[in-house]
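Here's a small set of exercises to work through with the coordinates open in your viewer. Try each task before you read its solution.

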Amino acid sequence: MEAYKKWVRKNREYVHSIESLANGMTWLLPERFSASEIGPEAVTTILGIITAINQHIIDTIPTRMPTGPADPSSSWSLWISIIKDLETLIEVAAQHFYGDDKKWNFLAFTEATKVLVRLALFRDSGYKMLLHGGEDVNVEKDHNAADRGMGDFARPMGYDEGGPGYNGYGPRGLEGRAMFALSRLGENAKMVSSPSWMKGLQSHQAPMMKNRVIEKPTISTILSEKGLFGGLFLAAESLFILRPLIYVLFIRRYRVRSWLPWSLSLVVDLVGMGILSHVTDPCHGRKTTISLSISEKDEVKRRKLVWALYLMRDPFFSKYTRHCLESTEKRLAPVPFIGFLTAKLVELIVGAQTRYTYMSGS
């Protein structure tokens, strides 16, 4: 296993290229969206799990100066990725063996499992925003916590790690490597110019800094420091985590063609995003607002883009979207090549829409 990890980390670009090609080819497998075909989904699931494991290996490259025990967040993120890859296969298998109605029991169980894992990740990460549903680790590389103190939770909530040119494990790009080299040169110069007694003190403090563990915020500390805004942030993230489970439970009760699950899911998304926008808005000079890092701001944009999936979910899809797609296909059908590509694209969209896991946005 260690040999495989070394190979993946050494050939990461090659591994990513092969994975992208293989995952793209799975969309062309015959009978990809057949109700009774489990094979293509099994292939896709296996490739997805391998991709998640390889990414976990790359993301957990050991650093030269560890600051404490391994962060459990990366393990939770790996489990979330594996569950999401298994979810489609579970849906297809349940539909094949138990029918359309009973498959929702299995999907509800899967969504409940994801909720528990995401809540565990939310807790172990210090109640920071989940990135890409928890698949990406929102890790803080905090090198100046001792100078900054633990009073300002705007940083622990989302700290822009490392600045430009830093990828979490080392310098990135020519500019990043140059900055890294200059900083190392400055550190070496300081060591040379320091008196001998200072060097001895630094060597004595090194083991202490090496084993220092940054204390993560808890619910009580967040509420005490940020008050209502901290509580609202926790509520917004909790709504984001619970929304897929609420959606599938109402589908299980009222069926997928009912407007109630669709509308309730949309309301939960809108309320959660409204709360998040309120607590992160720095207007009026409020000091208790929650500051977001660049990656967390990108995550907010991603969540808004995912709302486009509401156009692909029943009953909206059956009533409106599908008619637009079919009319577009008919208009472009006489055009050579473009008509063929449009027909193939519409076929893939309609096929993917039949899978809850492709359109759930969870």
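The exercises below go from the whole chain to helix packing and then to charged pairs.

**Exercise 1. Get your bearings.** Find how many helices and strands the chain has, and what share of its residues counts as buried.

Solution. Keep in mind that this is a predicted model.
- Step 1: run through the secondary structure, and you get 15 helices and zero strands.
- Step 2: check burial, and 35% of the 362 residues count as buried.
- Step 3: look at contacts between residues at least 6 apart in sequence; 74% of them join residues at least 24 apart.

**Exercise 2. Classify a helix pair.** Work out how helix α9 (residues 219-226) packs on helix α10 (residues 228-254).

Solution.
- Step 1: get the geometry. The angle is about 135°, and the axes of α9 and α10 are 6 Å apart.
- Step 2: name the arrangement. Roughly antiparallel would need an angle over 145 degrees, so with its angle of about 135° α9 is oblique to α10.
- Step 3: list who touches whom. From α9 come Ile219, Ile222, Leu223 and Lys226, and from α10 come Leu228, Phe229, Gly230, Gly231 and Leu234.
- Step 4: sort the contact of α9 with α10 by class, which gives six nonpolar, two polar and one charged residues.

**Exercise 3. Check a helix length.** Test whether the end-to-end distance of helix α14 (residues 338-353) agrees with its residue count, then say what covers its buried residues.

Solution.
- Step 1: α14 has 16 residues, and at 1.5 Å a residue they should span 22 Å. The factor to multiply by is one less than the number of residues.
- Step 2: compare with the model. The end C-alpha atoms of α14 are 22 Å apart, so the two values agree.
- Step 3: pick out the buried residues of α14, namely Gly339, Thr342, Val346, Val350, Gly351, Ala352 and Gln353.
- Step 4: look at what covers them; the cover includes α13 (316-332) and α15 (356-359).

**Exercise 4. Compare two salt bridges.** Decide for each partner in Lys103–Glu91 and Arg257–Asp314 whether it is buried or exposed.

Solution. A search of the whole structure turns up eleven salt bridges, and these are two of them.
- Step 1: in the pair of Lys103 and Glu91, the closest N and O atoms are 3.3 Å apart. Lys103 is buried at 6% relative accessible area, and Glu91 is buried too, at 0%.
- Step 2: in the pair of Arg257 and Asp314, the closest N and O atoms are 3.7 Å apart. Arg257 counts as exposed at 56%, while Asp314 is buried at 10%.
- Step 3: place the second pair. Arg257 sits in the loop between α10 and α11 (259-279) and Asp314 in the loop between α12 (294-306) and α13, so the pair ties together parts 57 residues apart in sequence.

**Exercise 5. From pair to network.** Why are Arg302 and Glu299 separated by about one helical turn, and which residues share their salt-bridge network?

Solution.
- Step 1: Arg302 and Glu299 are three residues apart in helix α12, hence the separation of about one turn. In general, an α-helix has 3.6 residues a turn, so residues three or four places apart point the same way.
- Step 2: the closest N and O atoms of Arg302 and Glu299 are 3.0 Å apart, and the two form a salt bridge.
- Step 3: check exposure. Arg302 is partly exposed at 25%, whereas Glu299 is buried at 4%.
- Step 4: follow the links outward, and the network takes in Glu237, Glu299, Arg302 and Arg303.

Conventions. Residues numbered from 1 in each chain as written. Predicted model: local features only at pLDDT ≥ 70, side-chain atom pairs only at ≥ 80, totals over all residues. Heavy atoms only, no water. Axes fitted to C-alpha atoms, helices over the stretch in contact; angles between N-to-C directions. Helix = DSSP H or I, 4+ residues; strand = E, 2+ residues; numbered from the N terminus. Parallel < 35°, antiparallel > 145°, perpendicular 65-115°, else oblique. Contact = heavy atoms within 4.5 Å. Nonpolar A, V, L, I, M, F, W, Y, C, P; charged D, E, K, R; others polar. Buried < 20%, exposed > 50% of the residue type's maximum accessible area, 1.4 Å probe, protein only. Salt bridge = Lys/Arg side-chain N within 4 Å of Asp/Glu carboxyl O.
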